[in-house]
Amino acid sequence: MEDESRNSTETMPVLMKQGAEAKLYKSTFYGKPCIIKERFTKCYRHPSLDKSLTAHRIKSEVRALLRCRMNGICTPTVYFTNMENSSIYMEEIEDAQTVREYIQHVQAKESNDTANNILKPLGVKVGEILGIMHSNNIVHGDLTTSNMLLRGNPVELDVVIIDFGLSHFENFAEEKGVDLYVLERAILSTHPNTEDFFQTILETYKKYNLKSSAEVVAKLDEVRLRGRKRTMVG
Amino acid sequence: MSMRVIKNEFYMDSTISLALFRNVENAKEVRQNVMNGTFEGALLKTSMICDPFQVIVAANRAIHLKRQNKMITKNVHSEILFCLSPTKNISDSFRKFGLADNETSVMVVVADDIDGSTMSAICKCVKGELSDVQDVIHLKETKLIQKIYKIPDEELVVSKLLDSILSRISSKDVLTL
Ligand SMILES: Nc1ncnc2c1ncn2[C@@H]1O[C@H](COP(=O)(O)O)[C@@H](O)[C@H]1O
């Protein structure tokens, strides 16, 4: 009988990122590279309220990850959820860069027009993914170019969506409009000259969310206007 | 490598032991020995196992639930069968994932068999060939697995079958399919 426990190399979790809601660690789960997302307690909240809120967020996150996968959108595989320490153990997406890093890399190397051309297929892919997500009533809640990973060779457009920590499941155009608005702000404020890139996302989005895109885009316009008013005043 | 003993990564005093038997002649007798408590273990239908990792993920969860006093079924071995299954129906889980009397291969899982005595007892009882645990990948029935775990075709375009199964096992308590 072979005893794997004797030759297994214990890998300690390594802190990767300390966010506002959770800590991310890199570790392994029975030999597979894994990311641990541990939500921590908020001292200012009542302990029992905090516990149930945390459990609710973990459940929403795991549910959204699975719902996306069921609809053909790549997300990390969840290996284990531990409500006792408020942690999700998920697959580490290997050989990947964030869409943010990729756009920065392309823009640093190429002229504006060339960069836009190179990024266009990625915009189509992202628009397709968001259209499918919203037509299935999955609202991500924190769409940024850091929450999209590109696995392998970027030309393959193997996009993996991560961090569903603020996600919810609902059929309101308002929520979906805000989802797109958050992404638009994130793209335009992180990457210069990406108006065309976002336009490509939006045009493709409409094709994949036929049911509600008109309403959602109307809400997007509304939210944009509100946002602009706020910046004019402030 | 034939049998495997895996150290539980969350409870230092816990282990997961796996063994695969093929050309089994006495499935009924083995099953009866588990039913009447001669030895304690989970006997899994090999056609429903895509990869040993699937069993590790289910067993890890079952042991965790046991340690947290949150098991749904009566012992850790029935809990392993229940954790493997996507449904919340206990007898349905046993029927779909547990060994049937007419089968000729079986995956045995024993939790916390620290001194190996349970596995030795099972090995003595099974009339069959002890095989490499990894060989279970050749015995799966993909179409049946896809149906029972309710995995749509469009999902398999972006997801390996194993990952689809793992996602369901780990999401079981947060999702009703
Ligand atoms: N499952 C994962 N696989 C690989 N990298 C990840 C994963 N989850 C998070 N990351 C990385 O950690 C960073 C922060 O993640 P997050 O806090 O979830 O936005 C991301 O930008 C990724 O680079």
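Domain bounds here come from an automatic or database domain assignment. In this predicted model, that assignment divides chain A into domain 1 (4-91) and domain 2 (96-233). The shell around the ligand takes at least three residues from each of domain 1 and domain 2 of chain A.

The two domains of chain A are a convenient place to start. Their C-alpha centres are 25 Å apart. Contact between them involves 16 residues of domain 1 of chain A and 15 residues of domain 2 of chain A. On the domain 1 side, α2(A) provides the largest share, eight residues. That side of domain 1 comprises seven nonpolar, four polar and five charged residues.

Chain A has an open sheet of five strands, ordered β2-β3-β4-β6-β5, with antiparallel pairing. β2 and β5 of chain A are its edge strands, each paired on one side only. Neighbouring strands of this sheet are turned against each other by 20 degrees on average, direction ignored. Helix α2(A) packs on the sheet, where it touches β4, β5 and β6 of chain A. The direction of α2(A) makes about 165 degrees with that of β5(A). Strands of a sheet pair through backbone hydrogen bonds, in either a parallel or an antiparallel arrangement.

Within this sheet, the pairings of β6(A) can be followed residue by residue. Strand β4 (residues 32-39) of chain A pairs with β6(A) in the antiparallel sense over five bridges. In that region C34(A) stands opposite E91(A) of β6(A), and I35(A) stands opposite M90(A) of β6(A). β6(A) also pairs with β5(A), again in the antiparallel sense, over four bridges. Here M90(A) in β6(A) is the bridge partner of V78(A). M90(A) therefore has a partner on either hand, since it stands opposite I35(A) and is bridged to V78(A), in a setting where strands pair through backbone hydrogen bonds. The hairpin of β5(A) and β6(A) has four residues between the strands, and S86(A) in this hairpin takes a positive phi near 55 degrees.

Another open sheet of chain A has three strands in the order β7-β9-β10, and its pairing is antiparallel. β7 (96-98) and β10 (158-161) of chain A form the edges, each pairing on one side only. From one strand to the next the twist averages 35 degrees. Strand β9 (residues 148-151) of chain A is paired with β10(A) in the antiparallel sense over four bridges. L149(A) is found opposite V160(A) in β10(A).

Which residues are closest to the ligand? Of the 16 residues that surround the ligand, the closest are I35(A), P76(A), I93(A), S146(A) and D163(A). I35(A) has already appeared, as the residue opposite M90(A) in β6(A). At least two residues of the shell come from each of β2 (14-18), β6 (87-91) and β7 of chain A. β2(A) is also an edge strand of the five-stranded sheet, and β7(A) is an edge strand of the three-stranded sheet. By class, the shell around the ligand divides into eight nonpolar, four polar and four charged residues.

Chain A also touches chain B, in a contact that takes 25 residues from chain A and 28 residues from chain B. On the side of chain A, two or more residues are given by each of β1 (2-3), α1 (4-7), α2 (47-70) and β5 (78-82). Of these elements, α2(A) gives the most, with six residues. The side of chain A that touches chain B is made up of eleven nonpolar, seven polar and seven charged residues. α2(A) thus recurs in the description: it packs on the sheet of β4, β5 and β6 of chain A, gives eight residues to the side of domain 1 that touches domain 2, and gives six to the side that touches chain B.

In chain B, one pair of helices can be described in detail. The axes of helix α2 (residues 52-67) and helix α8 (residues 161-171) of chain B come within 10 Å and cross at roughly 10 degrees. Because of that crossing angle, α2(B) is roughly parallel to α8(B); angles under 35 degrees count as roughly parallel. On α2(B) the contact is made by F53(B), Q54(B), V57(B), A58(B) and R61(B), and on α8(B) by L162(B), I165(B), L166(B), I169(B) and S170(B). The contact of α2(B) with α8(B) has seven nonpolar, two polar and one charged residues.

Key. Residues numbered from 1 in each chain as written. Chains lettered and ligands numbered in written order. Predicted model: local features only at pLDDT ≥ 70, side-chain atom pairs only at ≥ 80, totals over all residues. Axes fitted to C-alpha atoms, helices over the stretch in contact; angles between N-to-C directions. Parallel < 35°, antiparallel > 145°, perpendicular 65-115°, else oblique. Contact = placed C-beta atoms within 7 Å. Nonpolar A, V, L, I, M, F, W, Y, C, P; charged D, E, K, R; others polar. Pairing = 2+ DSSP bridges. Near = placed C-beta within 6 Å.
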